[in-house]
Amino acid sequence: MVTILEVNETNKMIEQEKLDVRTITLGISLLDCCDADLDALNRNIYDKITRLAKDLVSTGREIELEYGIPIVNKRISVTPIALVGGRACRSPEDFVEVAKTLDKAARDTGVNFLGGYSAIVSKGMTPTDEALIRSIPAALSSTERVCSSVNIGSTKTGINMDAVKLMGEIVRETAEATKENNSLGCTKLVVFCNAPDDNPFMAGAFHGVSEGDAVINVGVSGPGVIKNALEGVRGENFEVLCETVKRTAFKVTRAGQLVAQEASERLGIPFGIVDLSLAPTPSVGDSVAGILEEMGLESAGAPGTTAALALLNDQVKKGGIMASSFVGGLSGAFIPVSEDRGMIDAVNRGALTLEKLEAMTCVCSVGLDMIAIPGDTSASTISGIIADEAAIGMINHKTTAVRLIPVIGKDVGDTVEFGGLLGYAPVQQVNRFGCADFINRGGRIPAPIHSFKN
Amino acid sequence: MNKTIITVVGKDAVGIIAKVCTYLADNQVNVEDISQTIVQGYFNMMMIVDTSRSSKPYAGMVAELDDLGDEIGVKIRCQREDIFTKMHRI
């Protein structure tokens with residue numbers, strides 16, 4: 001029987017330490033929606049999404065109420081649209097129509113984001129892939145809830161440098177297309193290396209082709225819970241520190257597992273994975289930087305930050321894996337700048353640079369995330385940053401991603417507000433030396449030697 | 001069976017248990033266990049209850065207990081037991 005102490009501990013995590021289920025994401029395969037006629041394709045997509053997701057939001061609310069744990073977002077991910085739209089979409093404009101259909105389906109089902117306006121081009125690009133990628137600026141500026149991602153490399157295939165070059169341009173064009181709104185479009189665009197098929201977190205979620213017809217994936221969070229637990233072991237050695245993170249991650253994942261199973265049962269849709277990611281929010285006490293500082297750093301970004309983050313990421317995974325048989329997605333610690341008050345403060349006090357963030361992405365669960373850069377940053381520089389990040393992912397067998405926002409009209413020293421969970425960010429300095437000749441070479445970077453395991 | 005945990009936290013006053021129990025009795029909710037402490041004048045109670053014979057929808061009970069808490073000046077939460085057992089038991 002549960003004790004009053006255990007009940008109070010759980011409720012304290014929820015009420016004071018901001019433990020929440022960050023998202024229930026319903027993955028939907030749209031492969032059976034393919035049609036040569038654009039109108040028919042749009043109709044098929046809209047009907048399938050609204051049919052499968054009609055009870056998603058209300059079921060999420062029901063679970064939230066019964067268990068007393070907040071479920072912050074209910075979301076949908078779909079099959080990469082480049083695969084679905086191939087037969088019907090003959091131009092980027094055709095793809096934009098599909099984006100609008102997705103947006104309408106998202107609005108009508110009540111979810112706040114829908115991911116999967118994506119292309120997987122890690123080795124090569126088909127004409128359809130390219131048309132989708134070229135449509136991204138228009139798609140993201142004419143929709144509200146659609147999120148886009150492009151996978152430009154993997155450990156198995158190497159890095160598609162033509163796609164890297166193109167994506168530098170697309171990020172810039174998206175920034176331009178949404179410049180009235182602080183280049184908000186770029187907050188919904190992720191460039192991946194080694195993208196997972198089952199990630200429930202936006203903006204990079206899509207429903208991979210290895211998945212079934214529909215699946216429930218759940219993302220749990222809780223940086224505040226970990227930080228609070230660490231406050232109790234100040235000055236203790238690393239063994240105690242690691243054990244504390246692991247135990248806490250276990251408890252948090254169990255809550256996610258429960259919610260995932262309930263949602264799956266009530267919606268009649270199979271359970272996929274729990275993604276235990278420490279996903280910060282701009283509110284006080286919900287910061288990954290706060291955990292690193294609690295470990296003993298004066299500020300996130302100080303020497304020792306990469307080691308602290310590596311330790312955190314690994315212990316979170318170990319605790320999570322013990323708690324659920326199906327841990328997947330990204331699982332680890334996110335280090336977005338604009339969504340984490342501690343990171344923002346670290347940038348503002350000069351402790352955290354783009355280069356240090358890049359080092360941190362070698363050991364965090366994703367990559368350079370939600371970083372505002374000067375609006376006049378060139379496309380080739382953005383491509384260079386993407387290539388660096390992809391190389392880290394490719395060589396280290398891990399997912400890496402880039403979500404940069406070149407904020408048009410803003411420069412270092414300005415602060416940009418994105419609103420809500422997306423937070424606000426100081427515009428950060430980017431290395432001013434060029435890499436255009438490197439990016440313009442074209443072709444592919446071959447897969448690394450350690451990928452040949454057959 | 002699916003049990004429910006009701007927690008009541010707040011400033012101590014006369015009749016808190018009576019009012020909560022009256023509500024539960026009126027709605028055919030059976031109380032199986034109560035533990036309660038007072039820490040520095042703050043009332044802290046946990047009840048394990050069985051709602052299977054109650055005709056009240058779960059969401060309605062959560063909302064009404066919340067209202068009752070506001071009336072007495074305490075915070076009343078009503079949650080399914082699983083969230084606690086899953087988190088604290090292997």
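This note goes through the confidence of a predicted model, the contact between its chains A and B, and one helix pair in chain A.

1. Residues are numbered from 1 along each chain as its sequence is written, while chains are lettered from A and ligands numbered from 1 in the order in which they are written. As this is a predicted model, local features need pLDDT of at least 70 and side-chain atom pairs count only at pLDDT 80 or more, whereas totals for chains, interfaces and linings use all residues.

2. The model has an ipTM of 0.89 and a pTM of 0.93. For chain B the mean pLDDT (the predictor's confidence in each residue, from 0 to 100) is 92, with 99% of its residues at 70 or more.

3. Between the chains, 17 residues of chain A are in contact (C-beta atoms, placed from the backbone, within 7 Å) with 20 residues of chain B. On the chain B side, at least two residues each come from β1 (4-11), β2 (30-39), β3 (42-50), α2 (58-72), β4 (74-80) and α3 (82-88), helices and strands being DSSP runs (H or I, at least four residues; E, at least two) numbered from the N terminus. The largest share, seven residues, is supplied by α3(B).

4. Within chain A, the axes (lines fitted to C-alpha atoms, for helices over the stretch in contact, with angles from 0 to 180 degrees between N-to-C directions) of helix α8 (residues 223-231) and helix α9 (residues 238-267) come within 9 Å and cross at roughly 145°. The residues making this contact include V225(A) and I226(A) of α8(A), and L241(A) and T244(A) of α9(A).

Key: Two residues are in contact if their C-beta atoms, placed from the backbone, lie within 7 Å.
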